[in-house]
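Student: Could we go through a few of the labels people attach to a structure like this one? I would like to see the reasoning behind each of them.

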Amino acid sequence: FFSCKMAVGEIQPEDDSAAVIQVPFCPPGVGASGSNSCPCFEENGEADVLDAETNTFITRAWDALRPGDVCRVKAAAYFPADLVLLWSTSPLETAIEMAWYDGDKSLRLRQVNALPSSCPVVSLGTGLQGDQNPITVCQRSGSFAVTKPNADMDKIVVHFIPAAQGQDWVTFGSRQFLPRNGRLVMTDMIIGMVVHVGADTKFALTGGWGPARARAAAQPVTQPAAPRPPPAQRPLEAAVDPKEFEQQTGICWAERFKDVPDDGNCSMTAFWLGLSTLLQHYPFLKITEDEQLPASSAEFRSVALEAIFADPQYVDCLENNLQLWLQLEYDTLLQIEDFFLLPQTFQEHLIMLSQQMRAGGAPPDSSNLVTRYQNALRMKQHINGRDVYEPLGQLEMQTLCELYQVRLQLMKTESLTGMGPVDDLDPRTISPKHILDQNPAFRRVVRLLNVNTNHYMVHLPVPMPESQE
């Protein structure tokens with residue numbers, strides 16, 4: 001992997017910023033402390049770094065890191081250097097915060113770009129040795145070519161060049177870039193490879209803390225409103241009486257959320273589990289007497305997608321959405337979650353079509369674009385050593401609920417602040433104002449909790465007591 005053997009001329013750069021620098025993967029030994037210090041830095045923390053000899057993570061100072069070092073960063077920690085994302089517990093929605101760069105504290109999403117199966121990134125740091133040592137295996141699999149440092153946050157290109165002839169390169173760009181002093185949020189852990197350190201990092205090239213604080217100070221500050229007296233109402237934790245909620249839905253419910261395995265199909269697994277459990281305990285809610293859901297969430301996803309794609313109203317709405325995306329600027333597109341979560345190949349294709357239209361080209365064939373989009377949702381990706389599916393977008397979820405006659409109640413952890421830990425929360429008590437209630441006229445209710453943007457829990461129905469039947 002990761003020792004660049006290319007000449008600069010073998011890459012076709014847009015300008016001289018694409019010159020290649022050599023990055024050996026997981027170099028042996030330890031960098032000297034202070035070797036990449038920079039006057040603009042005020043901090044020098046410690047990082048978890050992969051040790052080439054033991055294939056385990058050890059502690060090393062930030063200013064001793066070298067390009068090619070592999071770092072592990074856990075939730076709420078800061079990135080110790082400019083990294084390229086190799087692995088994540090949330091491969092499709094790795095959330096980071098970069099307030100130092102522009103004063104904006106909103107989340108930025110990153111995605112893992114899958115390396116070939118010959119690169120067992122998932123085994124890095126596990127201690128495996130000998131022929132199974134993933135460091136050695138990765139080093140034999142190919143090499144990394146990294147463009148030279150620059151201050152533009154969106155201009156970062158890293159190429160993985162497989163050693164085997166005929167295999168496609170894997171390109172990493174801004175969506176896989178983790179800048180020094182950025183912070184990992186709402187994601188348990190990532191593994192990244194150091195590409196730039198010290199004065200070569202984006203942070204240093206933009207001036208360090210001085211300009212960063214100036215940018216933050218330039219952001220408009222909203223004056224806090226005068227304090228209000230506490231409202232004369234029940235506390236949030238007891239906003240709804242559980243019995244009252246069960247009476248309204250005609251269904252008895254568990255007293256806690258149930259976690260769903262992070263199986264790469266999390267949202268559909270939660271939906272399938274909620275609906276199948278409902279029909280098991282309340283068979284009178286079946287649309288037909290012989291209604292039977294598929295036996296697994298993966299099979300349910302496949303059946304449901306084909307039903308969605310066959311719906312004429314859905315196809316019309318999808319065509320309108322895609323035509324709208326073609327008219328948007330690149331930066332605006334990346335802010336649309338349904339677009340961002342699609343495979344990079346589809347995104348690149350749509351962006352290319354958009355650029356062609358802006359240059360005076362003819363609009364693309366809508367039916368072909370719809371087919372490409374639907375195939376992207378059907379596609380199963382192999383990332384981080386497991387199969388991962390694209391999350392369904394808002395339009396797909398809306399159509400899914402209509403086809404299966406489901407009233408979907410969606411809650412988010414960030415809207416439940418003040419109600420205590422999720423594991424101790426009785427979902428029946430959550431106030432309606434904290435619930436996105438779709439299709440309230442339907443009697444078949446599925447209740448989901450979106451946990452930190454990229455995971456789901458489900459509120460399961462339970463059998464009705466005999467005394468109430």
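**Labels and the reasons for them**

Tutor: Gladly! This is a predicted model, and a good place to start is Val157, which sits in the loop joining strand 8 (142–147) to strand 9 (158–162).

Student: Why is Val157 called partly exposed?

Tutor: Its relative accessibility is 29%. Buried means under 20% and exposed means over 50%, with partly exposed in between, so Val157 at 29% counts as partly exposed.

Student: What makes a residue such as Thr171 a contact of Val157?

Tutor: The test is heavy atoms within 4.5 Å. With neighbours within four places in sequence left aside, Val157 is in contact with Ala145, Val146, Thr147, Thr171 and Phe172. As for Phe177, which is 20 residues away along the chain, its C-alpha atom is 8.9 Å from that of Val157.

Student: Let's turn to the sheet. What makes strand 5 and strand 11 a pair?

Tutor: Pairing takes at least two bridges between the strands. Strand 5 (residues 82–88) and strand 11 have two bridges, in the antiparallel sense, so they pass the test. Leu83, for instance, has Leu178 of strand 11 as its bridge partner.

Student: Why are strand 3 and strand 11 said to stand at the edges?

Tutor: The open sheet has six strands in the order 3-2-4-13-5-11, with antiparallel pairing. Strand 3 (56–61) and strand 11 (177–178) each have a single partner strand, so one side of each has no neighbour in the sheet.

Student: And the cavities: how many reach 30 Å³ or more?

Tutor: There are two. The largest holds about 40 Å³ of space, and the second largest about 30 Å³.

Student: Which residues line the largest cavity?

Tutor: Its lining consists of Leu318, Asn321, Trp325, Asp338, Tyr373, Gln394, Leu395 and Glu396. Helix 8 (312–326) and helix 13 (394–403) are the elements that give two or more residues to this lining.

Student: How do the residues of that lining divide by class?

Tutor: Four are nonpolar, two polar and two charged. Tyr counts as nonpolar and Asp as charged, so Tyr373 goes with the nonpolar group and Asp338 with the charged one.

Student: What makes up the lining of the second largest cavity?

Tutor: Asp338, Leu341, Leu342, Tyr373, Leu377, Pro391, Leu392, Gly393 and Glu396 line it. They divide into six nonpolar, one polar and two charged residues. Gly is counted among the polar residues, so Gly393 belongs to that class.

Methods
Residues are numbered from 1 along each chain as its sequence is written. This is a predicted model: local features need pLDDT of at least 70, side-chain atom pairs count only at pLDDT 80 or more; totals for chains, interfaces and linings use all residues. Side-chain values use heavy atoms; hydrogens and water are left out. Helices (H or I, at least four residues) and strands (E, at least two) are DSSP runs, numbered from the N terminus. Buried means under 20% relative accessible area, exposed over 50%, partly exposed in between (1.4 Å probe, protein chains only). On a 1 Å grid over the protein atoms alone, a cavity is a set of points where a 1.4 Å probe fits but cannot get out, and a pocket is an open set with protein on both sides within 12 Å along at least five of seven lines; lining residues have an atom within 4 Å of a point. Grid points are joined across faces, edges and corners, and a volume is the space filled by probe spheres set on the points.
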